[in-house]
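Colleague: Got a minute to go over this model with me? I'd like to start with the charged pairs and then move to the core.

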Amino acid sequence: MRAEMNGINEELVRLLQSRKLCISSAESCTGGLFSALITDVSGASEVFKETIVTYSNEAKMRELGVSGSTLARYGAVSHDVAYQMARGICAHTGADIGVGITGLAGPTGGTTKKPVGTVFIGLNIRGVIHVYHLLINGMRDQIREETCRFIFEKLLELIP
């Protein structure tokens, strides 16, 4: 069952259409949910270029140019990786807006330093990259859905 966004995904698509901007995403812990929510909206093809689900570190490096040394030093779930994912998806697709998502949706994989629900989001808006660190309580689906909801809300706030 797909997350219910209460029209916020449609609002973002309409904003992108009105500004003549295109968006692409690089998803890890959301596994394509963000792009699915975009493409649920009729007319999304006018603004949505593509998504790449880069679940493995190898995919992050190969597809997005994420640095192996950054992954080794900070781990895949980190500020620096989200930043590089957001930068890399725009470089790869030519999109005006790039979204990079990396995190721990659980139920396993968390540590005391990075518990389940830790998510980093990079938003690249015409070359200006913002990175957000979230700690979301809940089950796997809730973490993925709240991550997407946050991204929609933040993009609506940031896009000029």
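Modeller: Sure. A salt bridge here is a side-chain nitrogen of Lys or Arg within 4 Å of a carboxyl oxygen of Asp or Glu. Keep in mind that this is a predicted model.

Colleague: How many salt bridges does a search of the whole structure find?

Modeller: Five. One of them joins the side chains of Arg 149 and Glu 146, at 3.4 Å from N to O.

Colleague: Where do Arg 149 and Glu 146 sit relative to each other in helix H6?

Modeller: They are three residues apart in that helix, so about one helical turn separates them.

Colleague: And is Arg 149 buried or exposed?

Modeller: Buried, with a relative accessible area of 19%. The cut-off for buried is under 20%. Its partner Glu 146 is partly exposed, at 36%.

Colleague: Which residue does Glu 157 pair with?

Modeller: Lys 154, again through side chains, with 3.4 Å from N to O. Both belong to helix H6 and are three residues apart, about one turn of the helix.

Colleague: Lys 154, buried or exposed?

Modeller: Lys 154 is buried, with a relative accessible area of 16%. Glu 157 is exposed, at 55% relative accessibility.

Colleague: What about Arg 62, what does that one form a salt bridge with?

Modeller: With Glu 63; their closest N and O atoms are 3.0 Å apart. Arg 62 is exposed, at 60% relative accessible area, and Glu 63 is partly exposed, at 26%.

Colleague: OK, switching to the core. Which residues touch the most other members of the largest nonpolar core?

Modeller: Phe 34, Phe 152 and Leu 155, out of 36 residues in that core.

Colleague: Which helices and strands each supply at least two residues?

Modeller: The helices are H1 (8-19), H2 (33-39) and H6 (140-158). The strands are S3 (97-103), S4 (118-125) and S5 (128-135). H6 gives the most, with six residues.

Colleague: Back to Leu 155. What is it in contact with, leaving aside neighbours within four places in sequence?

Modeller: Leu 12, Ile 23, Phe 34, Ile 97, Val 99, Leu 123 and Ile 125. Phe 34 on that list is also among the three residues that touch the most other core members.

Colleague: And how many residues are in the second, separate core?

Modeller: Eight, including Ala 26, Val 66, Val 81 and Ile 89.

Conventions: Residues numbered from 1 in each chain as written. Predicted model: local features only at pLDDT ≥ 70, side-chain atom pairs only at ≥ 80, totals over all residues. Heavy atoms only, no water. Core = buried A, V, L, I, M, F, W, Y, C linked by side-chain atoms within 4.5 Å. Buried < 20%, exposed > 50% of the residue type's maximum accessible area, 1.4 Å probe, protein only. Helix = DSSP H or I, 4+ residues; strand = E, 2+ residues; numbered from the N terminus. Contact = heavy atoms within 4.5 Å.
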